[in-house]
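Student: I should like to request a close look at a single part of this structure, chosen for its backbone. Please then connect that part to the chain as a whole.

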Amino acid sequence: MLAARDEKGKDIPVRTVPRKADSLGKINKVTTLGETVVVAYELTTRRIYTGNATPVNSDDISNQPVSNPLLALQGRVPGLFISQTSGMSGTAINVQIRGKNSLMNDTKPLYIIDDIPFNPILRGGLGSVIWGEESNALDFINPSDIESITILKDADATSIYGSRGANGVVLITTKKGKVGKPSLSVDVNYGIEQVPRYNHLLNTQQYLAMRREAFKNDDVPAVERNAPDLEVWDTTRYTDWQKELIGHAAGIMNVHASVLGGIGLMQYLISGSYQKRGTVFPGSFNTQKSNVYFNSTAISPNKKFQVGITGTYATTQSFLPGADMSNATTLAPDAPPIYNPDGSLNFSYVNPLIALIGPLFNANVKNLYGNVKIQYEILPRLWLKASFGDYLLEGNSQTTTPISTRPPSLRDSATGSATSYQYDATSRIFEPQINYDNYLWNSKFSIILGATLQGYSENRQAIYATGFKEDAFLGNLAFAGNITGTSDKTDYRYAALFGRIGYQLCSRYLLNLNVRRDGSSRFGSKKQYANFGSVGVGWIFSEERFTSFAANVVSFGKLRMSYGIAGNDQIGDYNYLEQYERVGGSYQGVIGYQPSSLANQEYAWEQTRKFEVGLELGFLKDKISLTTSHYRYRSSNQLVNYSLPELTGAGSTKGNIPAVVRNTGWEWMAHVNNIGNNRFGWSAMVNVTLPFNKLVSYPGQVPADLGIVGKPLTQLMMYRAMGTDPNTGAYLFDDGTGHGAPASENLKRVVPVNLAPKLYGGIENTFRYKSWEVDIFFQFVQQQGMKDIFDPTYMPGYQRNQNVAVLNRWQEKGQVSDWQRFTQTSTLRKGYMKALESNLHYGDASYVRCKTLSISKKILFKNLQVKDAKLYVQAENLFTITSYEGLDPETQSHTVLPVLRTIRAGVTITL
């Protein structure tokens, strides 16, 4: 069990401080200087910490109806940018702390749950199209079991994690038991999810006019074969496919119960939960989650020996369509009815509701982790500690495509197919430590020495079975006509020694030193070990005598600075080894292999040098606080692909080059804490991040896909659209001299488009009146993005609906327009694809989103054994203010589900 002391040597309660309410309902939500903050290998306080760590507590998490704890962090932490790739639960979530610092490799932060490193990516997505290639594994973690999430950013906070700390660290701490009488808490809530807004598509009359104009422009007659929507279907029909396919209300039910307490020297907590979440698609698709969590801590009578045990077991069962139905929302609005008069599905066209029959995706995921912490005080203030952790993520799925997905007239000759996928990832870690702290005159010092031994393995297997003659036999391999499969396994081993020295003088001068030596199986034998470290200093100038005259106004002031080196090891396994790939086909029945990459024993870590300076101020007895941080990161020793001559037998190899990427930025965070009285209270928080990124240098010619020296890594060079040819109606583009040229000519990319956010943050206000409390949080982002008005596949004029923006197209000679003429052939395809890579396809994707609204009322019970009761209503993504042209400025695509609006109501009772 961890312990912490403040700068005066007094014990600090070993917990993070959540929002509290006294008998009069007085709130104390905002982080205070004495609050315990979880950082690497210890607990500390904001007052004496020299690094940059931002905690988000359990109340901020529980106020949001999210299934993935990462989504509870959006907009709340300066320097942390999170965006969803889809509104579908389980899909990938992009997370970046202070910008992209690698040219080719992953820049995800390091995730640690109760001292256990956690891989947030379920690679392969269990073979699912709807989850995608990188499903987010944190979706299988129950947010209700989380006490706090701390984001570590600067060198002082992250360098002690060595080769894994360059991209920042996300520390997740689960809830613990508390000393006191047994307490039972039950939370039940129900809600719905819906698509908050839709694309503006053509109605039937506009669509038919577009199609007829396309045939006229192409001088091609519309006949039954090439235009069933004009010649066969009922042209008076209108189907709003957005409402039909993604316009349903998804029901959500959550039940969570916990028992906690403690007697004397023992504390415990046991909890269980169940969730059922539907989808906005038609049909009975749903995901069900259940989990059991426990924690227990015991202390010996002499308080020298302590042991804590934490564990959880969670299961997730998903029944989903094989693909996202959003992709079919642009079907022709005059398409035939979905169902025949007898109630059966209509197979006379590509009916999207055939997805109710197949392909169907069934998945089962099990998540098991456990952690044991022990510590023993062998001498006064000298503690011997050890932490043992084990984590298992196991999943299996089956995607079936039955014969019944084919039209009845074709079923006699059709066969079914099934894909089975298995995945398991195991992480084991052992970390022994020696901790010592003491006082000497007016100073205090502390020492941590430790080691890390970690093993991680990942296994994936896929079996593809086809040729099933009967749907009843789908999945039974004995009835498959053909079976193929793939499998792969990776193993990762990691060892490290680390240390930390902390020193405080006169409760105002602070020094922190970190050092770590890492060894990893991911690197070549000549570069398998590396050293990392940092120094952090702080000065609490509000403790100086010369500031006493302003003490009534400036109640706290601290200047801090840190510098150090951390590494990035997210480069995959075995890349330093010679690699082979299978040659297509075979020779005399023998399968051949050829080298794809040569070995490189000099293969080493990417390194990031981090510098930060920060100013922390408190005003009016810390009723108001302000934190300002400026960071400057310099990432070098970049790992990239080298092209090799063919005579080497391989096309490339990977190695380090002295390219430099720089990330700089400013971060501000302000709190207003509990302004008011016993009847009314107000608290507020605002944070703003202003990031900058640049590729500073690169030896030789920079490959086009890696960036431009002097520009951000996220900057793309686009063609400049110059309207349409007044004679032909085809797109024209800048030829590099300012003159318009057709797409068939060699064109130059002259327009820079930076897809990284220019500014982002959040604003939160909490109001209390008697037993009522209202919390409202807005997230804001200033950015450029892809306009959703362009269909990525179908040109305007094809048998596919379009955004109403296409009505501003070229129609007659002499006209210049932003959109080329309608066509139903491929003659203008090259120009359309160029337009997708031009400034036409990009624009302002900034937005302000009402991320969270929570309204709650405390209920008092007299003469009943009820300690606490609360009724609440919560909303997520309630509304969005944006000028973005498309479905959603966050996902930026109408082919995937947008971020959903969630509204739920519930009750919490504590006995």
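**A tyrosine in a loop, and its setting**

Tutor: Y41 counts as buried, because its relative accessibility is 10% and the cut-off for burial is under 20%. The model is a predicted one, and every value below is computed from it. Y41 sits in the loop that links β3 (36-39) to β4 (42-45). Its backbone deserves attention: phi is positive, at about 65°, although Y41 is not a glycine. Most residues other than glycine have a negative phi, and most peptide bonds are trans.

Two further places may be set beside this tyrosine. C506 also has a positive phi, of about 55°, and is likewise not a glycine. The loop that holds C506 runs between β23 (482-505) and β24 (509-520). Whereas Y41 is buried, C506 is partly exposed, with a relative accessible area of 28%. The second place concerns a peptide bond: the one from G358 to P359 is cis, with omega near -5°. P359 belongs to the loop between β18 (305-321) and β19 (360-379).

The chain around these loops contains six helices and 47 strands. Its radius of gyration is 30 Å, close to the 29 Å given by the globule rule for 911 residues, so the chain is as compact as a globular protein of that length. The C-alpha trace extends about 95 × 75 × 65 Å along its principal axes. Of contacts between residues at least 6 apart in sequence, 71% join residues at least 24 apart.

Burial may be considered next. Y41 is a buried residue, and buried residues make up 53% of the 911 in the chain. In soluble globular proteins, nonpolar side chains tend to be buried together. Here the largest nonpolar core has 99 residues, and the members that touch the most others are L126, W131, F281 and F790. Leaving aside residues up to four places away in sequence, L126 touches W131, F361, A363, V365, G395, N396, S397, Y421 and Y423. Another core, of 18 residues, lies apart from the largest one; L110, I160, I448 and F498 are among its members.

A second buried loop residue offers a useful companion to Y41. P796 lies in the loop between β42 (784-786) and α6 (829-836), and it counts as buried at 4% relative accessibility. Setting aside residues up to four places away in sequence, P796 touches M210, Q802, V806, W819, F822, T823 and Y832. One of these partners, Y832, is among the buried residues of α6, which are G831, Y832, K834, A835 and L836. The cover over those buried residues includes β37 (731-734) and β43 (842-844). P796 and Y349 are 447 residues apart in sequence, and their C-alpha atoms are 21 Å apart in space.

The outer surface completes the account. The chain exposes about 39000 Å², of which carbon and sulfur atoms supply 57%. It carries 90 positive and 77 negative charges, and the mean positions of these two sets are 8 Å apart.

To return to the part requested, Y41 combines a buried position with a positive phi of about 65°, in the loop between β3 and β4.

Methods:
Residues numbered from 1 in each chain as written. Predicted model: local features only at pLDDT ≥ 70, side-chain atom pairs only at ≥ 80, totals over all residues. Heavy atoms only, no water. Helix = DSSP H or I, 4+ residues; strand = E, 2+ residues; numbered from the N terminus. Rg over C-alpha atoms; globule rule 2.2 N^0.38 Å. Buried < 20%, exposed > 50% of the residue type's maximum accessible area, 1.4 Å probe, protein only. Contact = heavy atoms within 4.5 Å. Areas by Shrake-Rupley, 256 points an atom, 1.4 Å probe, with all protein chains shown as cover. Lys, Arg positive; Asp, Glu negative; His and termini not counted. Charge placed at Lys NZ, Arg CZ, Asp CG, Glu CD. Core = buried A, V, L, I, M, F, W, Y, C linked by side-chain atoms within 4.5 Å.
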